[in-house]
Amino acid sequence: MRKRWLLLALLAVGAHGAPSLDHQVFNAQNQVTPLSEFKGKVVYVDFWASWCGPCRKSFPWMNAMQQKYGDQGLAVVAINLDTDKALADEFLTQVPAQFTVRFNPEGDVARSFDLMGMPSSFMFNRQGQLVNSHVGFYSDNEAEYEQELISLLKE
């Protein structure tokens, strides 16, 4: 039911506001890089910021998922929204990421995904289609999140 509602909402928003891998973000060297580089993989896109408390809980889980399923075609991509990269770097010193980190200080990509809270995660299948999303990160739901990834990896 949740997936159907999400797809209907995306259709209502229209193509300009629909989450997709057709965006460009920055890498750690401040070079523009396309999210489409991950097409062909199951992509878990997570938007985060240094001030986000739940993000500190989601990073260890995302590290575990990348380590566990990376060889099966999972790409975890965390997009930071801090306008000051130093804040993101400090966060990453305290909570290291063992997955791809990208940056969107202007927030234009985040706006196109129409974020409702932090962190917000979006799951794309191997064809680059959005199939699920979550607002916030809840430790009690980790098994459900993982099962959604496993289902996509089996497709």
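## Overall layout

From the N terminus on, the elements of the protein chain follow the order α-β-β-β-α-β-α-β-α-β-β-α. This is a predicted model. In total the protein chain has 5 helices and 7 strands.

The protein chain has 155 residues, and 52% of them count as buried. Its accessible surface comes to about 8000 Å², and carbon and sulfur atoms account for 53% of that surface. Among contacts between residues at least 6 apart in sequence, 68% join residues at least 24 apart.

## Strand β4 and its two neighbours

Strand β4 covers residues 74-80 and is mostly covered, with 7 of its 7 residues buried. The residues of β4 point in two directions: Leu 74, Val 76, Ala 78 and Asn 80 point one way, while Ala 75, Val 77 and Ile 79 point the other way. The residues on both sides are buried.

Which strands pair with β4? One partner is strand β3, residues 42-48, which pairs with β4 in the parallel sense over 7 bridges. Another is strand β5, residues 100-103, which pairs with β4 in the parallel sense over 4 bridges. Ala 78 takes part in both pairings: in β3 its bridge partner is Asp 46, and in β5 it stands opposite Val 101. Ile 79 of β4 stands opposite Arg 102 in β5.

## The crossovers

Helices link these strands along the chain. Strand β3, helix α2 (residues 53-69) and strand β4 make a right-handed β-α-β unit. From β4 the chain then crosses through helix α3, residues 85-94, to β5. This β-α-β crossover is also right-handed.

## The disulfide

A disulfide is a covalent bond between the sulfur atoms of two cysteines. How many disulfides does the model contain? The count comes to 1 disulfide. The bond joins Cys 52 to Cys 55, with an S to S distance of 2.3 Å. Of these two cysteines, Cys 55 falls within the residue range of helix α2, 53-69.

Is the disulfide between Cys 52 and Cys 55 right-handed or left-handed? The torsion about its S-S bond is about 85°, so the disulfide is right-handed. Both cysteines count as buried because each has under 20% relative accessible area: the value is 2% for Cys 52 and 0% for Cys 55.

## Ser 121 in strand β6

Strand β6 spans residues 120-124, and Ser 121 is found in this strand. Is Ser 121 buried or exposed? Ser 121 has a relative accessible area of 2%, so it is buried.

What does Ser 121 touch, leaving aside residues up to four places away in sequence? Its contacts are Tyr 44, Val 45, Asp 46, Asn 132, Ser 133 and His 134. With Tyr 44 there is also a polar contact, made between the two side chains at 3.3 Å. Asp 46, another of the residues touched by Ser 121, is the bridge partner of Ala 78 in β4. His 134 is 13 residues away from Ser 121 in sequence, and the two are 5.2 Å apart in space, C-alpha to C-alpha.

## Helix α4 and the loop after it

Helix α4 covers residues 108-113 and includes Ser 112. Ser 112 has a relative accessible area of 9%, so it is buried. The side chain of Ser 112 reaches the backbone oxygen of Val 109 at a distance of 2.7 Å.

Asp 114 is found in the loop between α4 and β6. Is Asp 114 buried, partly exposed or exposed? Its relative accessibility is 49%, so Asp 114 counts as partly exposed. Asp 114 and Ala 18 are 96 residues apart in sequence, and their C-alpha atoms are 8.0 Å apart in space.

Conventions
Residues are numbered from 1 along each chain as its sequence is written. This is a predicted model: local features need pLDDT of at least 70, side-chain atom pairs count only at pLDDT 80 or more; totals for chains, interfaces and linings use all residues. Side-chain values use heavy atoms; hydrogens and water are left out. Buried means under 20% relative accessible area, exposed over 50%, partly exposed in between (1.4 Å probe, protein chains only). Two strands pair if DSSP finds at least two bridges between them. A crossover is right-handed if, with the strands pointing away from the viewer, the path from the first strand over the helix to the second runs clockwise. A polar contact is a pair of N or O atoms within 3.5 Å; within protein, one must be able to donate a hydrogen and the other to accept it, and residues adjacent in sequence count only if both atoms are side-chain atoms. A disulfide is a pair of cysteine sulfur atoms within 2.5 Å. Contact means heavy atoms within 4.5 Å. Accessible areas come from the Shrake-Rupley method with a 1.4 Å probe; for residues, only the protein chains shown count as cover.
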